[in-house]
Amino acid sequence: MRSVPTILHLDMDAFFAAVEQASKPSLRGKPVVVGGLGGRGVVATASYEARVFGVHSAMPMAQARRRAPNAAYLIPRFELYRQVSDLVMGLLRELSPLVEPLSLDEAFVDLEAGPYGELLREGSVAEGVELVRALGEDLRADILAAVGLTASVGLSGTKFLAKIASEQAKPDGLVLIEPGHEREVLDPLPVRALPGVGPATAETLRRLGLIQVSQVAATPEDELVRLLGRAHGAGVYALAQGRDERAVVAERDAKSVSVEDTFEVDLGDRELIRAELDRLADRCVRRLRAAARSGRTVVIKVRRFDFTTLTRSETLPAPTDDPLVISAIARRLLEAVELTGGVRLLGVGVTGLADFTQEDLFAQAEREAAGAADSTDEDSGSEAAGEGEAAYGGPDGPRVFHPGSRGGVGTLLTVRRWMPGQDVRHAELGHGWVQGSGVGRVTVRFETPWSERGPVRTFAVDDPELERADPLPLVRGSALTGENVVEIAGD
């Protein structure tokens with residue numbers, strides 16, 4: 001264990017919900033729940049105001065609505081969350097090149113590897129403790145100034161203790177575990193606080209009366225090995241003693257890029273499933289290109305009505321980021337899957353990533369085939385499949401298919417569907433977000449991250465002056481555009 005607590009764990013507070021509150025002035029200080037809004041949806045994040053009512057992540061959305069009926073329920077806006085995450089991770093990398101992101105809102109940092117490393121190594125323990133505490137407080141202040149969000153920071157000599165410290169710091173705080181005080185923090189914790197101790201292991205330990213970490217630490221190592229196996233038992237014993245030799249590992253290259261959707265109603269029509277697969281392939285390509293990558297292997301994931309999940313893949317001779325190629329392969333893979341009974345989840349991914357794209361004859365052939373198909377459709381006067389709205393509702397492509405809807409089962413309707421939290425723009429009133437919709441109407445609040453609480457207006461769902469829009473960033477200026485002025489989103 002390090003003599004100075006130089007491992008920092010950062011955890012943004014209620015990240016998705018906090019971003020929504022920062023970007024929507026009328027929601028600041030109010031309960032906000034972000035997640036899937038359909039019958040099968042679950043809570044991704046709940047603001048602290050919503051947690052007062054017992055709402056928490058991974059809770060079924062229907063249960064959350066019963067507990068907090070007056071909260072704002074919003075779809076996720078992952079594009080905006082990634083932008084904010086990039087800004088925060090950039091601040092972390094100013095402290096050290098060793099930053100290990102765990103998710104969009106959570107990361108470890110090895111402060112000893114950064115510009116303050118020499119001071120931390122050469123100074124006294126007391127001086128080191130004060131320096132890392134100051135660095136942690138400065139980081140929290142910088143994040144608040146940059147994006148208007150609060151963060152919790154934990155500092156310790158090991159990764160898992162730093163994470164425990166950040167959990168104790170929530171919300172909007174900093175906890176530093178000083179050298180020599182590790183046992184004071186560890187001993188009263190439940191055994192589930194130890195990494196790798198899940199429900200099954202906890203139950204095994206409970207049968208022996210081992211409920212707290214202090215009790216596990218007092219148990220002979222060979223007894224834990226006998227109970228849990230050599231590797232797992234030795235690992236649990238070491239962690240209970242406060243030992244964690246895991247190093248902070250800088251972010252590795254992604255091994256794959258993928259997207260998937262779970263549907264509120266099982267899709268049974270094969271053409272609609274193909275259309276949904278095309279939409280997912282297009283989303284996957286956009287992520288691939290945003291990362292400046294290409295890939296050789298296309299993978300589809302299909303979860304059927306009975307929850308059985310199948311994957312199929314095909315590998316190309318060279319990497320590609322061509323949407324027609326990826327969509328064509330995904331469709332071909334789908335033909336090998338039995339779809340009787342319906343599909344509840346579809347996914348498209350690309351693996352075998354590379355930093356370049358090699359044009360090949362297959363991609364050219366797919367383009368020519370698509371061009372020929374478009375010409376045929378134009379000559380016959382028919383509408384090309386896939387135009388207009390996509391097949392089924394979702395966060396980044398509102399859709400309105402429902403079995404039995406007007407026009408018969410499997411009909412694609414062109415009426416727009418507006419989702420709560422979705423960004424919109426009105427030709428006269430400017431940027432806003434959807435508060436709700438129904439009975440042919442949509443209600444929009446017009447405000448931006450930098451405005452006061454905005455006015456509310458209601459429109460017909462097909463109002464030609466209302467259109468979908470991209471999220472506005474929380475930050476103006478240098479953080480996203482390279483300019484020198486930064487404005488804080490917040491009151």
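**Exercises on a predicted model**

Among contacts in the protein (heavy atoms within 4.5 Å) between residues at least 6 apart in sequence, 61% join residues at least 24 apart. This is a predicted model, in which local features need pLDDT of at least 70, side-chain atom pairs count only at pLDDT 80 or more, and totals for chains, interfaces and linings use all residues. Residues are numbered from 1 along each chain as its sequence is written, and side-chain values use heavy atoms, with hydrogens and water left out.

**Exercise 1.** Describe how helix α1 packs with helix α4.

*Solution.* Helices here are DSSP runs of H or I with at least four residues, strands are runs of E with at least two, and both are numbered from the N terminus. Two packed helices are described by the angle between their axes and the distance between the axes. For α1 (residues 15-23) and α4 (residues 78-95) the angle is about 95° and the axes are 10 Å apart, where axes are lines fitted to C-alpha atoms over the stretch in contact and angles run from 0 to 180 degrees between N-to-C directions. That makes α1 roughly perpendicular to α4, a term for angles of 65 to 115 degrees, with under 35 counting as roughly parallel, over 145 as roughly antiparallel and the rest as oblique. In the contact, α1 contributes Phe-15, Phe-16, Val-19, Glu-20 and Ser-23, while α4 contributes Phe-78, Leu-80, Tyr-81, Val-84 and Ser-85.

**Exercise 2.** Compare the settings of Ala-14 and Ala-58, and state whether each is buried or exposed.

*Solution.* Begin with the backbone: most residues other than glycine have a negative phi, and most peptide bonds are trans. Phi of Ala-14 is near 45°, and this residue sits in the loop between β1 (7-12) and α1. Ala-58 has a positive phi of about 75° and lies in the loop between α2 (48-51) and α3 (61-67). Turning to accessibility, Ala-14 is buried, with a relative accessible area of 7%, whereas Ala-58, at 60%, counts as exposed; buried means under 20% relative accessible area, exposed over 50%, and partly exposed in between, with a 1.4 Å probe and protein chains only.

**Exercise 3.** Locate the cis peptide bond that involves Pro-171.

*Solution.* The bond joins Lys-170 and Pro-171, and its omega is about -10°. To place it in the fold, note that Pro-171 is found in the loop between α7 (159-169) and β8 (174-176).
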